[in-house]
Amino acid sequence: MSELKPCPFCGAEATRFTIGDDEPNNAGGDVIVCTGCQASSHVEFGRKENLVSCWNQRAESVNTDLLEALKALKRAHDTFDPDEWIDAEAAADAAISRAEKPHG
Ligand SMILES: [Zn+2]
C-alpha cells in the first residue's frame with residue numbers, strides 16, 4: 001500500500017477506495033477521500049497508479065503555497081511596507097486558488 005500524505009486542507013488521514021455500485025456514475029473508479037473534512041481527489045478510472053501521486057503532489061503544493069503566503073504575511077506585518085502587503089495578498093490568492101482546484 002503506498003503512502004498517502006495527510007489531507008492538504010485539515011491534515012487528517014486520507015483513505016483510498018474503489019467506488020461501488022451505489023454510485024453508478026462512478027462505479028469502478030478509485031478515489032482518495034479525507035477522513036476528516038471529506039475533501040476528495042478526482043475519480044480515476046484508467047491510470048489508477050497516478051491517483052496517489054496526484055493526491056500527494058496536491059498535498060505538497062498546497063502546503064508550500066500556504067507556507068509562502070504565511071511568510072509573506074509575516075513580512076508585511078513586520079515591515080509595514082505596502083509593497084509587502086501586495087505581495088502577501090498575491091501569495092494568499094495563489095494558495096487559495098491552488099487549494100480550490102479540483103486536482104492537479
Ligand atoms: Zn481534510
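These legends describe close-up views of a predicted model.

**View 1. The whole chain, two strands followed by two helices.**
The predicted chain holds two helices and two strands. Along the sequence they run β-β-α-α. The C-alpha trace spans about 55 × 25 × 20 Å along its principal axes. The radius of gyration is 17 Å, whereas a compact globule of 104 residues would have one near 13 Å. Of the 104 residues, 16% count as buried. Take the contacts between residues at least 6 apart in sequence: 42% of them join residues at least 24 apart.

**View 2. The largest nonpolar core, seven residues.**
Which residues make up this core? They are Cys 7, Ala 14, Ile 32, Cys 34, Leu 51, Val 52 and Trp 55. Strand 2 and helix 1 each give at least two residues to the core. Helix 1 has the largest share, with three residues.

**View 3. The surroundings of Cys 34.**
Cys 34 belongs to the largest nonpolar core. Leaving aside residues up to four places away in sequence, Cys 34 touches Cys 7, Phe 9, Cys 10, Ala 12, Ala 14 and Ala 39. Of these partners, Cys 7 and Ala 14 are also members of the largest core.

**View 4. The loop between strand 1 and strand 2, at Asn 25.**
Strand 1 covers residues 14–18, and Asn 25 lies in the loop between this strand and strand 2. Is Asn 25 buried or exposed? Asn 25 counts as exposed, because 7 other C-beta atoms lie within 10 Å and the limit for an exposed residue is 12 or fewer. Asn 25 and Ala 14 are eleven residues apart in sequence. In space, their C-alpha atoms are 22 Å apart.

**View 5. The loop between strand 2 and helix 1, at Gln 38.**
Strand 2 covers residues 30–34 and helix 1 covers 49–79; Gln 38 sits in the loop between them. Gln 38 is not a glycine, yet its phi is positive, about 70°. This residue is exposed, with 11 other C-beta atoms within 10 Å. Gln 38 and Lys 48 are ten residues apart in sequence. Their C-alpha atoms are 20 Å apart in space.

**View 6. Helix 1, end to end.**
How far apart are the end C-alpha atoms of helix 1? They are 46 Å apart. That agrees with expectation, because 31 residues at 1.5 Å a residue should span 45 Å. The buried residues of the helix are Leu 51, Val 52, Trp 55, Arg 58, Asp 65, Ala 69 and Ala 72. Among them, Leu 51, Val 52 and Trp 55 belong to the largest core. The buried residues of helix 1 pack against strand 1, strand 2 and helix 2.

**View 7. The loop between helix 1 and helix 2, at Phe 80.**
Phe 80 comes just after helix 1. The residue lies in the loop that leads to helix 2, residues 82–100. Phi of Phe 80 is near 60°, a positive value in a residue other than glycine. Is this phenylalanine buried or exposed? Phe 80 is exposed, since 8 other C-beta atoms lie within 10 Å.

**View 8. Helix 2 and its two faces.**
Helix 2 has 19 residues, which should span 27 Å at 1.5 Å a residue. The end C-alpha atoms are 27 Å apart, in agreement. The buried residues of helix 2 are Ala 88, Ala 91 and Ala 95. Why are they on the same side of helix 2? They cover an arc of only 65° around the axis, so they share one side. An α-helix has 3.6 residues a turn, so residues three or four places apart point the same way. The face turned away from the buried side carries the exposed residues Pro 82, Asp 83, Ile 86, Ala 90, Asp 93, Ser 97 and Glu 100.

**View 9. Helix 2 against helix 1.**
The buried residues of helix 2 pack against helix 1. Ala 91 and Ala 95 are buried residues of helix 2, while Ala 69 and Ala 72 are buried residues of helix 1. These four alanines are included in a second, separate core of five residues.

Terms used
Residues are numbered from 1 along each chain as its sequence is written. This is a predicted model: local features need pLDDT of at least 70, side-chain atom pairs count only at pLDDT 80 or more; totals for chains, interfaces and linings use all residues. Helices (H or I, at least four residues) and strands (E, at least two) are DSSP runs, numbered from the N terminus. A residue is buried if 20 or more other C-beta atoms lie within 10 Å of its own, exposed if 12 or fewer, and partly exposed in between; C-beta atoms are placed from the backbone. A nonpolar core is a set of buried Ala, Val, Leu, Ile, Met, Phe, Trp, Tyr and Cys residues joined through C-beta atoms within 7 Å. Two residues are in contact if their C-beta atoms, placed from the backbone, lie within 7 Å. The radius of gyration is taken over C-alpha atoms; the globule rule is 2.2 Å times the number of residues to the power 0.38. The expected span of a helix is 1.5 Å times one less than its number of residues. The arc is that of the directions from the helix axis to the C-beta atoms.
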